[in-house]
Amino acid sequence: MSTLVTGSAGFIASHLIPILERQEYVVHGVDIKTNKKNDLVKLSNATRIAKSTSPEFLFHLAGSGEQINSTDSYAALAEGNLLAYVNILQSAIEQGLRHVCLISGVEAYGFNAGTRNENAALQPASMYGAMKAAMEHATDAICTDNRITYTICRVHDIYGPGFSISVPGTTQINEWIRRVQQGDSLYLINEGHQLRQPTYITDAVEAIAAIGCHPLAKNKTINIGHNHAYRMADIARLIGLHCGGKGYELEYLENKSREIIDTRVGHTQAEQVFKQHCQTTFNVGLEHTWNWIQEFHGNTNNSIKQKKTQKAKV
């Protein structure tokens with residue numbers, strides 16, 4: 001089964017691809033970070049990639065990150081997310097695509113996230129969330145017009161081993177772990193009252209692989225993630241305990257006008273229909289992540305060479 005995975009060098013895709021390969025998908029990975037000719041914003045590139053791979057299945061993870069958020073970058077967000085996705089989806093359909101799995105995010109919910117309802121209306125609060133919502137709507141419209149099936153997997157608060165230590169901003173939690181490893185301060189907005197559901201990367205990609213092309217998931221949108229929620233202040237504290245001991249500081253930033261305080265979502269379909277439960281606790285996930293950093297990167301800051309052994313109660 002020829003399968004195209006976009007954003008293949010990214011954090012989530014790099015964990016997903018080995019699982020797909022074990023399930024006998026023939027995976028073709030493309031990423032602009034490894035080859036500028038893989039820039040899907042250019043339709044000619046998307047057409048060339050689709051012709052050379054003739055994918056039956058498409059897992060789309062490529063996109064511009066949420067850290068692009070200034071008014072000068074709105075066009076970059078639109079191009080890097082919506083336009084790039086439509087280009088590769090259209091090109092793959094022309095080559096016989098049967099099914100697409102779009103990896104979206106709870107940012108699409110925006111102001112409706114705290115309802116915990118998988119079918120809640122989308123009210124994005126940021127340009128990034130608006131692009132995620134637009135990609136979901138485009139998926140339904142394009143796939144319906146062309147009589148192919150789709151699955152939309154909304155993931156959230158992903159963290160774990162395998163992110164780039166030298167490059168900021170893979171995910172919020174990974175960025176904090178990276179900053180502790182570098183001896184930098186952690187930053188909180190609104191005193192850290194926001195509620196988030198940290199989800200360990202292995203749990204997330206196993207669920208995506210199981211659900212992404214499952215017959216029961218055809219033309220459905222499914223939330224994937226851990227159920228337990230933490231305040232961001234507690235997430236910072238636990239990262240400090242597990243990954244930095246006393247070698248970190250907190251920096252408080254001004255409140256954002258459109259900051260979403262409660263982003264909790266439900267996972268009814270993933271758990272009841274597909275029996276996919278993201279079970280790794282945050283404490284265990286942090287320990288795995290920190291052990292990976294110690295093994296492959298070591299410590300670069302003298303203040304955090306001794307890991308604090310005391311466990312936090314959750």
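These legends describe close-up views of paired strands in a predicted model.

**View 1. Strand S3 is covered on both faces.** S3 spans residues 57-60. Phe57 and Phe59 lie on one side, and both are buried. Leu58 and His60 lie on the other side, and they are buried too.

**View 2. Strand S1 pairs with S3.** S1 covers residues 2-6. The two strands run parallel and are joined by four bridges. Leucine 4 faces leucine 58 of S3 across the pairing. Leu58 is one of the buried residues of S3.

**View 3. S3 also pairs with strand S4.** S4 comprises residues 99-105. Four bridges link S3 and S4, again in parallel. Here histidine 60 stands opposite leucine 102 of S4. His60 is buried, on the side of S3 that also holds Leu58.

**View 4. S4 pairs with strand S5.** Seven bridges connect S4 and S5 in the parallel sense. Histidine 99 has threonine 149 of S5 as its bridge partner. Thr149 is buried.

**View 5. Strand S5 is largely enclosed by the rest of the structure.** S5 runs over residues 149-155. Seven of its seven residues fall under 20% relative accessible area and so count as buried, which is why the strand is largely enclosed. One side carries Thr149, Thr151, Cys153 and Val155. The other carries Tyr150, Ile152 and Arg154.

**View 6. S5 pairs with strand S10.** S10 consists of residues 220-224. Five bridges hold this parallel pairing. Isoleucine 152 sits opposite threonine 221 of S10. Ile152 is buried, on the side of S5 shared with Tyr150 and Arg154.

Terms used. Residues numbered from 1 in each chain as written. Predicted model: local features only at pLDDT ≥ 70, side-chain atom pairs only at ≥ 80, totals over all residues. Heavy atoms only, no water. Buried < 20%, exposed > 50% of the residue type's maximum accessible area, 1.4 Å probe, protein only. Pairing = 2+ DSSP bridges.
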